[in-house]
Amino acid sequence: MRISKKSTNFAAAKNVELNSQFIMDKQTQMYVDAFMADLIKKNPGEQEFHQAVREVVESVAPMIMAYPYLREQKIMERIVEPERVIMFRVPWMDDQGEVQINRGYRVQMNSAIGPYKGGIRFHASVNLSIMKFLAFEQTFKNALTTLPMGGAKGGSDFSPRGKSDAEVMRFCQSFMTELQRHIGADTDVPAGDIGVGGREIGYMFGQYKRLRDEFTGTLTGKGQLWGGSLMRPEATGYGACYFAEAMLATRGESFEGKKVCISGAGNVAQFAAQKAMRLGAKVLTLSDSDGFIYDPEGLTEEKMAYVFELKNVRRGRIKEYVTKYPQAQYFAGERPWKIACDIAMPCATQNEIEKADAENLIKNGCFCVTEGANMPSTPEAIAVFQGAKILYSPGKASNAGGVATSGLEMTQNSMRLKWTAEEVDARLRTIMADIHAACLKYGTEEDGYINYVKGANIAGFMKVANSMVEQGLV
Ligand code: NDP
């Protein structure tokens with residue numbers, strides 16, 4: 001490592017120009033291996049959490065080796081330890097009168113740069129490892145947005161799929177009855193995630209207001225009639241497309257005329273598809289956990305209107321698309337990555353692109369992968385993308401538009417006013433451009449390849465780390 005001596009103290013490091021001279025050497029690799037061995041020992045069985053931490057440690061280890069104050073202050077050791085983990089029982093009664101018990105979580109990971117902020121996920125797969133990986137990722141993502149938000153995540157192993165509105169309401173009320181003790185407009189501001197959309201946020205906000213007797217901006221993603229920001233539903237998908245546009249521009253490309261494969265059919269996927277289509281792309285696929293649809297003619301505004309109604313009003317399954325549009329095909333139990341495309345946007349869940357999927361994408365000509373979901377590519381898949389030197393962005397950079405617009409909702413709530421859709425969209429575009437610029441600054445390698453993983457991790461980490469140092473040992 002070629003680092004000047006004066007850069008090795010905190011004051012200098014705050015302003016230092018970071019660049020690709022920070023490389024992984026043998027000593028740094030030993031630090032990573034020892035750190036990970038300790039983390040795995042302390043957090044046994046939490047595979048998703050280990051995976052998310054390893055990715056960040058590998059990116060920032062050269063910084064840690066370069067700046068002794070980061071090691072002396074044990075910043076990495078502190079940053080992987082949640083400030084608080086709340087786990088609780090969520091009892092509720094189903095429509096048959098049977099008692100049901102689920103488990104609730106809130107992981108308050110880091111409050112160095114603002115109140116805890118992060119979504120709530122309701123899905124049968126939710127466990128402590130998934131909550132911790134999401135809260136960890138959220139910490140760096142929120143730092144990248146340039147807004148003052150700490151990192152958190154919450155949820156439950158409750159699945160809204162197949163439940164009546166009344167059951168979802170009873171569950172949300174029971175969940176919030178405990179969670180309300182731990183959150184607040186200046187403490188922790190949850191939002192939606194998988195399985196938590198406008199309906200669930202509404203039920204949780206109603207119960208929060210009733211128990212706390214206050215009308216504050218404590219949840220984001222609220223309804224338009226009662227404090228929600230315009231463009232929040234669109235923000236994650238649109239923001240991912242704005243980020244992809246910036247990535248494509250580095251190679252003189254755009255969405256115009258490109259074939260795009262998208263996974264998922266929920267909030268992020270729907271608006272990523274709509275924006276990509278409006279930017280001139282041909283969107284070929286959507287999916288859910290049962291399979292994917294392939295429409296060789298591409299989505300249109302009319303087809304998207306059908307998807308919005310199918311998923312958000314009727315709460316149906318994506319395979320129904322082929323009944324309505326018979327030129328499309330449904331592939332049960334498969335993921336969309338075998339369809340040839342120029343751009344892939346995984347917008348469903350973690351680890352949904354494995355090594356073989358990544359190899360397939362590259363073989364079929366894909367040259368840009370922009371993540372809308374959190375950690376949808378396995379480490380092996382990321383290695384394939386980066387090895388092939390294609391454009392690849394991690395979710396913590398490209399899906400940050402959702403939480404950024406939640407931050408804008410908090411600002412509007414505090415000011416007791418509402419911005420126009422155009423104003424919110426303009427701010428979202430600026431934030432995504434700034435995140436892209438940060439990735440270029442910290443991730444451009446000597447051969448000119450932009451390593452977005454490294455760029456996002458270093459930029460997010462240094463902001464959180466230096467804030468922690470300035471606030472002392474807390
Ligand atoms: P939704 O619940 O609206 O949609 C999720 C979609 O992904 C559904 O189509 C769902 O299918 C599918 N899916 C869920 N789990 C699996 C699985 N195990 N295998 C295959 N498909 C699956 O969630 P969102 O759109 O909000 O979230 C999608 C991703 O984006 C998540 O990774 C989330 O963390 C991330 N994200 C979301 C943000 C937001 O603002 N909402 C912000 C930033 C990131 P099915 O109906 O079958 O479950």
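Which side chain does a polar contact of 2.6 Å join to that of glutamine 274? The tour of this predicted model begins with that residue.

**Stop 1: glutamine 274**

Select glutamine 274, which is found in helix α10. Display its side chain together with that of tyrosine 238: the two are joined by a polar contact of 2.6 Å. Glutamine 274 counts as buried, because its relative accessibility is 8% and the limit for that class is under 20%.

**Stop 2: the ligand and its shell**

Next, select the ligand and the residues around it. The shell holds 25 residues, and the closest are Asp193, Thr236, Ser289, Arg317 and Asn374. Colour the shell by class to see six nonpolar, twelve polar and seven charged residues. Then turn on the secondary structure. Three elements, α9 (232–249), α10 (267–278) and β7 (282–288), each supply at least two residues of this shell.

**Stop 3: polar atoms facing the ligand**

Three distances may be displayed here, each of them ending on an oxygen atom of the ligand.
- For aspartate 193, select the side chain: one of its polar atoms lies 2.6 Å from a ligand oxygen.
- For glycine 195, select the backbone, where an N or O atom lies 2.9 Å from an oxygen atom of the ligand.
- For serine 289, return to the side chain, in which an N or O atom is 2.3 Å from a ligand oxygen.

With a surface switched on, consider the ligand as a whole: on its own it has 890 Å² of accessible area, and the protein covers 83% of this.

**Stop 4: the cavity**

How many cavities of 30 Å³ or more does the structure hold? There is one, and the volume of the largest cavity is about 40 Å³. To find the largest cavity, select its lining: Glu55, Glu137, Glu371, Met375, Ser377, Ile382, Tyr392, Pro394 and Gly395. By class, this lining comprises four nonpolar, two polar and three charged residues.

**Stop 5: methionine 375 and lysine 74**

Keep methionine 375 selected, since this residue of the cavity lining also has a backbone feature to inspect. Its phi is near 50°, a positive value in a residue other than glycine. Methionine 375 sits in the loop between β11 (368–370) and α14 (379–387), and it is buried, with a relative accessible area of 5%.

Now move to lysine 74, where phi is again positive and near 50° in a residue other than glycine. Lysine 74 occupies the loop between α4 (68–72) and α5 (75–79). Is lysine 74 buried or partly exposed? Its relative accessible area is 47%, so lysine 74 is partly exposed.

**Stop 6: helix α16 and two serines**

Select helix α16, residues 401–415, and locate serine 406 within it. Serine 406 counts as buried, at 1% relative accessibility. Add valine 189 to the view and draw a line between the C-alpha atoms: serine 406 and valine 189 are 9.1 Å apart in space and 217 residues apart in sequence.

Finish at serine 229, in the loop between α8 (198–212) and α9. Serine 229 is buried, with a relative accessible area of 1%. Show its side chain with that of glutamine 412, to which a polar contact of 3.0 Å joins it.

Conventions:
Residues are numbered from 1 along each chain as its sequence is written. This is a predicted model: local features need pLDDT of at least 70, side-chain atom pairs count only at pLDDT 80 or more; totals for chains, interfaces and linings use all residues. Side-chain values use heavy atoms; hydrogens and water are left out. A residue is near a molecule or strand if one of its heavy atoms lies within 4 Å of it. A polar contact is a pair of N or O atoms within 3.5 Å; within protein, one must be able to donate a hydrogen and the other to accept it, and residues adjacent in sequence count only if both atoms are side-chain atoms. Accessible areas come from the Shrake-Rupley method with a 1.4 Å probe; for residues, only the protein chains shown count as cover. Helices (H or I, at least four residues) and strands (E, at least two) are DSSP runs, numbered from the N terminus. Ala, Val, Leu, Ile, Met, Phe, Trp, Tyr, Cys and Pro count as nonpolar, Asp, Glu, Lys and Arg as charged, and the others, Gly among them, as polar. On a 1 Å grid over the protein atoms alone, a cavity is a set of points where a 1.4 Å probe fits but cannot get out, and a pocket is an open set with protein on both sides within 12 Å along at least five of seven lines; lining residues have an atom within 4 Å of a point. Grid points are joined across faces, edges and corners, and a volume is the space filled by probe spheres set on the points. Buried means under 20% relative accessible area, exposed over 50%, partly exposed in between (1.4 Å probe, protein chains only).
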